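Here are a few notes to help you find your way around. Have a look at the model first, then read on.

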Amino acid sequence: MKLGLVVDLDTCVGCHGCATACKQWNTSGTIGPLSDKDPYGKDPNGAWLNRIRTYEVGDTPNSKTVHMPMSCMHCEEAACVTVCPTGASYKRAEDGIVLVDQDKCMGCNLCAWACPYGARELDPAEGTMKKCTLCVDRIYDQKLPEDERQPACVLTCPTKSRVFGDFDDPTSEVSQLVRDRGGKQLMPELGYNPVNTYLPPRNKPAVEVHEVSSIKQSVKTWVNKMIAR
Amino acid sequence: MTSQEKIIAIDSGLPEFEDRDKQQTKFTTCYMCACRCGIKVTVEDNKVRFIQGNPNHPVNKGVLCAKGNSGIMKQYSPAKLSSPLLRKPGTERGAGEFEEISWDRALGILEKRLANIRATDPKKLAYFTGRDQMQALTGMWASQFGTINWAAHGGFCSVNMAAGGLYTMGHAFWEFGDPDWENTKYFMMWGVAEDHSSNPLKLGLKRLKERGAKFVSVNPVRTGYQAIADEWIAIRPGTDGIFALSMIHVLLKNQLVDEEFLIRYTNAPQLVVNTPGKVGDGLFYRGAANGDGAEGKPQVWDQQSQTCVDGTSADCSPALFAEFTADDGTPVRTAMSILLEKYLDDQYSPEIAAKECGVSAADIERIALEMAHVAFKETITLDIEWTDWAGRKQSQFIGRPVSMHAMRGISAHSNGFQTCRALHLLQIVLGTIDCPGGHLAKPPFPKHIPPGIKPAKTNIPNTPLKSPPLGFPTCPEDLVIDDAGQPLRIDKAYSWDAPISCHGLMHMVISNAVKGDPYKIDTLMLFMANMAWNSSMNTAQTLEMLCAKEEDGEYKIPFIVCSDAFNSEMVAYSDLVLPDTTYLERYDTISMLDRPISEPHAACDSVRTPVIEADRDVLSWQEVMVEMAGRLKFPAFTTATGDRRYKDYKDFIINFEKEPGIGFLAGYRGVDGTKSLRGEPNPRQWEAYEENQGFFEFPLEPKQRYMRHANKDYLELAKEAGWVGSTEQILIEIYSEKLQKFRLAGQGLYDGPMPTQEHHKERLVKYFDPLPIYYMPLEEQRIDRDEYPFHAVNQRPMFMYHSWDSQNAWLRQIMNQNYLYMNRVAGEKLGIEDLSWVWVESHNGKIRAQIKLMEGTNENTVWTWNAIAKRGGAWGLSEDANEASDAFLMNHLISELLPAKGDSKDKITNSDPVTGQAAWYDLRVKITPVTDGETGSWPQFSALKPQPNAPKSPKMLSYATHKNVNIIRRWADTLFTGEKHSSNKVKTEKVTNKSIINGQTPGDK
């Protein structure tokens, strides 16, 4: 099984709902807390597992604003796992989720340097590496209602731009979306084979214009119609 | 097996991560912004574990935005007030020197003060509320107190949207109406600065995109929603009106209007008296007293009988276009004929409009014709039988699937009322009102035009007002002025300055009260309104006004009371501070009597119930209101024998009836809770709401869901529910006779109150056009446009609601400094570099801010995010917080008065001349680089003190409701590090992992 996320760039408005839902769930989750340094002071900075990068591409007039949610891609060739000197970072065999065993992590930061997606953040209080768990503590939890066994970011997304599922299953919603919408990996050339996949913006709908008479209209040509009130 | 089932099947014996037995799930209503989404809150040991969207809730359907997801950090903000505060004797306002006092003492002080005002001169209490959601209660309280000086924040928020809609079609955008997301094929969004509404808008946009509907967004700035729009129109701020009216020009020129809709559902065919310069000009031609029953009824020209007949009757075929002299010699023409003549004028041609608004003539024409195509060639029909207002069966609903949504970018200009009317007119000529795919009303709307409440004028000691303080004037007689024409209200609402100011002018209260213009007040009582910072125009001077004293040393505003849950900037400037509960700690109602949460096809309301117990000496403002009403013996709160009628807020909500069977909550009424909308009080109503996840939803029958302005079954339901006063057709007013009456008063042609001052006359004549118009915003008219070449506007980020969230440890990490955003090309022309510091100067003053150049901004516009800046020390922030040192408020540049030109308009409010809506976005500025390398924002203010006994804001925060349960990787697994797992291995791993985790052998640690 290959679990991961599909993120739809056609509809993501960059609201940060997924980012704060993630922070909220995971600070009391299996790798919690997600600490915050100087939370009420200058330059507050904490550990987040999901951040939204918003930027503009191209110069006027050919420019576009892009909202890009970024979290762990759960790469098939996860360099963060390879470089981990203590064995804390690993990719689960059964579902492909990349996790950090908090008891084994010594906070050396090598994995964060190895990750080209900026998906790992060191907890400022605990000194261990924190990263997306795909809400492993939600998705298998039989005590949650079935439709809530989803990562917190997916559950909350107000534009439903995030979908969770098994990329190994060709009938899953994520597999179908990737096929139908031409899903793209980020920076595939690096060879990490990320599982998370982004859906590019759809083609813009074409709307016809109403035909207009070439004869110049005037008030006088507008004849009253017999329409009952 | 479904995909989800397969995922569950692999459950690999993970540990139990949390102790569910220690957790409870509770439902309430979010209050991280004004959207009022349903939330499901998991609580553990009286601490919040998780807040998620309630999947069953009509507003958000399970989703939740960045703010809603950060409620925990609001709940645990170090800025929470913890006890009533009294300014220490001998200390000055602003010093923040407070003594903690008991509630007994606090309420006693308030009671004594209020009792004295009420017994002598009730209007000396000015009571204004911010972004509260309990205006039905606070308004009623003010009314019972007897002060006309009450309003909520609508006057500085979006009264132009509300009034524009309510005076045109009986509903409006946002809380009063929604696009038909399921059916619309073409959606235009105007001036939506990322907020209002939050989750519903996002859910809706997703539906549009899935269905391939076109989304056009009109906004000078390309962030948020604009980024995913199919077309972004980078309009010049304040010119949306001419864009819309020019599209109407295109439609009329090509005869592309819904004539049936106009004839059946609007006043377009009604005859208007055409006697320029004479009394009665521009009013409807009404039936004479000849015994035919049509006396006083507006007339139409019936093409069948070839006579003038009652235009409100069903049995006629009115001419849409006509101009003639009636039998009694009165020259008349139809409203539609006036409309046609007006908008076919060249001033509305795309070529001329393009020069004003910056949208090309080709785009104006194309978008108009695209909408016409969708409306008329992609019409949808729903085969649902319904009955029209006259009792005639109709076999289907006809849908013209073009819809719109607009917000503050339209409303926060001094031409916003007419611009909003222009947008509605565009919707109306396309026939897209309350039809499938169009703009749908949300119960209790639509209402008759306008709602039949008149603003109160009385000021009698110990006596309630005869009507609510706010209402809807329809003629000069309704103004709240004295015999000399002078304003009676402290904010000068309903005066000649702003006759239809239906939400008051909160932004004028402090300025007027300090000047004693029109009079001095005794007490200013504020709830949830940060008037000492981001909710005031001209903030620096407002702070001076709050501290201004008379010669005798008494403050010019003698007593200031504020209620807030947090140590906002306003707290330091108050004399008595009453600490409110947080939204997770209180009982509250989102009432149909106020601004409800209805969806187009369901009447809804909701409650808040406490999900955690408050750990401080706090009392919700609702409780304070009911307590004070009891102590002061307001008639509605007192029994015939003089006893207190309601013991607390909950009791009041259950038992108060506005009229028989109608209370604050519409659901679960009747003694056994089985009645909806109307019914006797239910003693278990709160429990019933709790059992139903905190909300009530009353779905309309399919036949009641569209064309509700003319739908008999709907109107009968609406009357029964108390939403409307009659089942008569709600006739859409493209032509507003009500506005014309004010204009006639300006022309000296009105048989009733008329202004005496020239500038009032001029404003009435210019701006009270009975048909929508465009005019240059007032500030722009009075400054040198070359000297101040840029528009300056504020936008609200999706992750913060006004000033509320800089105290939020998570949200402030997303943004703690706002930049002045500027178009890159415009910046390069001025030699302004990215991230450099600049002076930004308006007619009212100057500020220093840091520039960020970007592509997606109109070239004539600079903008920033609203209310990021905070005063050091306030909101639990440190003195050197980025919000205090580098962020800036644009408010300093905005005057509450029009730019001074040495004429009679100098003292007039910087607001829409029709509605009094604060003209925040009319601001014009010039930008110059700093010359001496200065950095940091300016002006700076001394840091405020934390509240007494404030918890120290931590240097490190590690929030969790319990110790985490780590997933332990077994040592054997590390041998595979760096290897790719084969599918064979997966099987082995799965089994092994299971045993290891369940066993958790010491060796594995």
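The points below go from the whole of chain B down to one sheet.

1. A word on ground rules: this is a predicted model, where local features need pLDDT of at least 70, side-chain atom pairs count only at pLDDT 80 or more, and totals for chains, interfaces and linings use all residues. Residues are numbered from 1 along each chain as its sequence is written, while chains are lettered from A and ligands numbered from 1 in the order in which they are written.

2. Chain B spans about 105 × 80 × 75 Å along the principal axes of its C-alpha trace. Its radius of gyration (over C-alpha atoms) is 29 Å, which agrees with the value near 30 Å for a compact globule of 1005 residues; that rule is 2.2 Å times the number of residues to the power 0.38.

3. Of those 1005 residues, 60% are buried, meaning 20 or more other C-beta atoms, placed from the backbone, lie within 10 Å of a residue's own. Contacts (C-beta atoms within 7 Å) reach along the chain: of those in chain B between residues at least 6 apart in sequence, 69% join residues at least 24 apart.

4. Chain B has 28 helices and 35 strands, which are DSSP runs numbered from the N terminus (helices H or I, at least four residues; strands E, at least two).

5. Now look for the open, mixed sheet of seven strands in chain B, ordered β5-β4-β25-β24-β23-β6-β7. Strands pair if DSSP finds at least two bridges between them. At the edges, β5 (98-100) and β7 (150-151) of chain B each pair on one side only.

Terms used
A residue is buried if 20 or more other C-beta atoms lie within 10 Å of its own, exposed if 12 or fewer, and partly exposed in between; C-beta atoms are placed from the backbone. Two residues are in contact if their C-beta atoms, placed from the backbone, lie within 7 Å.
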